[in-house]
Amino acid sequence: MRTQRQVVDYSLRKRAVLRELLAGRVGTYDVCDASPYLKNAARFHGEPTDERCPICRSENLTHVHYIYGDELKQSAGQARTLAELPVLAMTVREFQVFVVEVCLGCDWNHLVEQYLLGRDGLAGSPEGGQEQDAVGGAAASGNGAGSRRRREAQR
């Protein structure tokens, strides 16, 4: 995505958790604890992957994208499909996306990555400075032509 920035990858943390599990310091029930809400979000809003579950190795993992941000109001905390994110990124200044991988077979779940999306990430539009000037300039020239047309139509 064009506006994706400040990406945090949690793959090292995932490897550490799996290493703890294989060493026997953590039980399977401690890492396979997906809530029913997370499993439903994976079923209805998740993006299937080709990656096998590291625990049961029988199911493919599903990625769920959760969105958070001040401008989202009631939508904050909802799961969204990957196709909805670019559209939302063009309408909202900034919001956070958390990607969680879920196995629907054994309930494994882990935070994969987080990143920011939104219009603030577009190049050349720092807090509306250049973008507003360009829009304002186009509107001013458009108003001149529009007012001439109105005067001609009134004659």
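The following dialogue examines how several features of this predicted model are classified.

Trainee: What is the secondary structure of the protein chain?

Mentor: The chain comes to 5 helices and 6 strands. Read along the sequence, their pattern is β-α-α-α-β-β-β-α-β-β-α.

Trainee: How do you know that the span of helix α1 agrees with its number of residues?

Mentor: Helix α1 covers residues 11–23, which is 13 residues. The expected span is 1.5 Å times one less than the number of residues, so 18 Å is expected for α1, and its end C-alpha atoms are 18 Å apart. The two values therefore agree.

Trainee: Which residues of α1 are buried, and against what do they pack?

Mentor: The buried residues of α1 are K14, A16, V17, L18 and L21. They pack against α2 (28–31), β2 (47–52), β3, β5 and β6 (109–117). After the helix comes G24, whose phi is positive, near 85 degrees.

Trainee: Why is H110 called buried?

Mentor: Buried means under 20% relative accessible area. H110 has a relative accessible area of 11%, and therefore counts as buried. H110 lies in strand β6. Leaving out residues up to four places away in sequence, H110 touches Y10, R13, K14, V17, V99, V100 and E101. Of these, K14 and V17 are among the buried residues of α1.

Trainee: What makes Y68 and F98 an aromatic pair, and why is the pair called edge-to-face?

Mentor: Ring centres must lie within 6.5 Å to pair, and planes over 60 degrees apart count as edge-to-face. For Y68 and F98 the centres are 5.6 Å apart and the angle between the planes is 80 degrees, so both conditions are met. A search of the whole structure finds 1 aromatic pair. The pair links distant parts of the chain: Y68 is in strand β3 (residues 60–68) and F98 is in strand β5 (residues 95–102), 30 residues apart.

Trainee: Are these two residues to be called buried or partly exposed?

Mentor: Partly exposed lies between 20% and 50% relative accessible area. Y68 is at 39%, so Y68 counts as partly exposed. F98 is at 23%, so F98 is also partly exposed.

Trainee: How do you know that C53 forms no bond with C106?

Mentor: A disulfide requires cysteine sulfur atoms within 2.5 Å. The sulfur of C53 is 3.5 Å from that of C106, its closest cysteine sulfur, and this is too far for a bond. By this rule the count comes to 0 disulfides. C32 is likewise in no disulfide, as the nearest cysteine sulfur, that of C106, is 4.0 Å away.

Trainee: Are C32 and C53 buried or exposed?

Mentor: With the limit for buried at under 20%, C32 at 12% counts as buried, and C53 at 0% also counts as buried.

Trainee: Which residues make up the largest nonpolar core?

Mentor: That core has 12 residues in all: I67, L72, L85, L88, A89, V92, F95, V97, V99, V112, Y115 and L117. The elements that give two or more residues to this core are α4 (84–91), β5 and β6. Apart from this core lies another, of 10 residues, among them L18, C32, C53 and C103.

Trainee: What are the contacts of L72?

Mentor: Leaving aside neighbours within four places in sequence, L72 is in contact with I67, L88, V92 and F95. These four residues also belong to the largest nonpolar core.

Technical notes. Residues numbered from 1 in each chain as written. Predicted model: local features only at pLDDT ≥ 70, side-chain atom pairs only at ≥ 80, totals over all residues. Heavy atoms only, no water. Phe/Tyr/Trp six-rings, centres within 6.5 Å; stacked < 30°, edge-to-face > 60°. Helix = DSSP H or I, 4+ residues; strand = E, 2+ residues; numbered from the N terminus. Buried < 20%, exposed > 50% of the residue type's maximum accessible area, 1.4 Å probe, protein only. Contact = heavy atoms within 4.5 Å. Core = buried A, V, L, I, M, F, W, Y, C linked by side-chain atoms within 4.5 Å.
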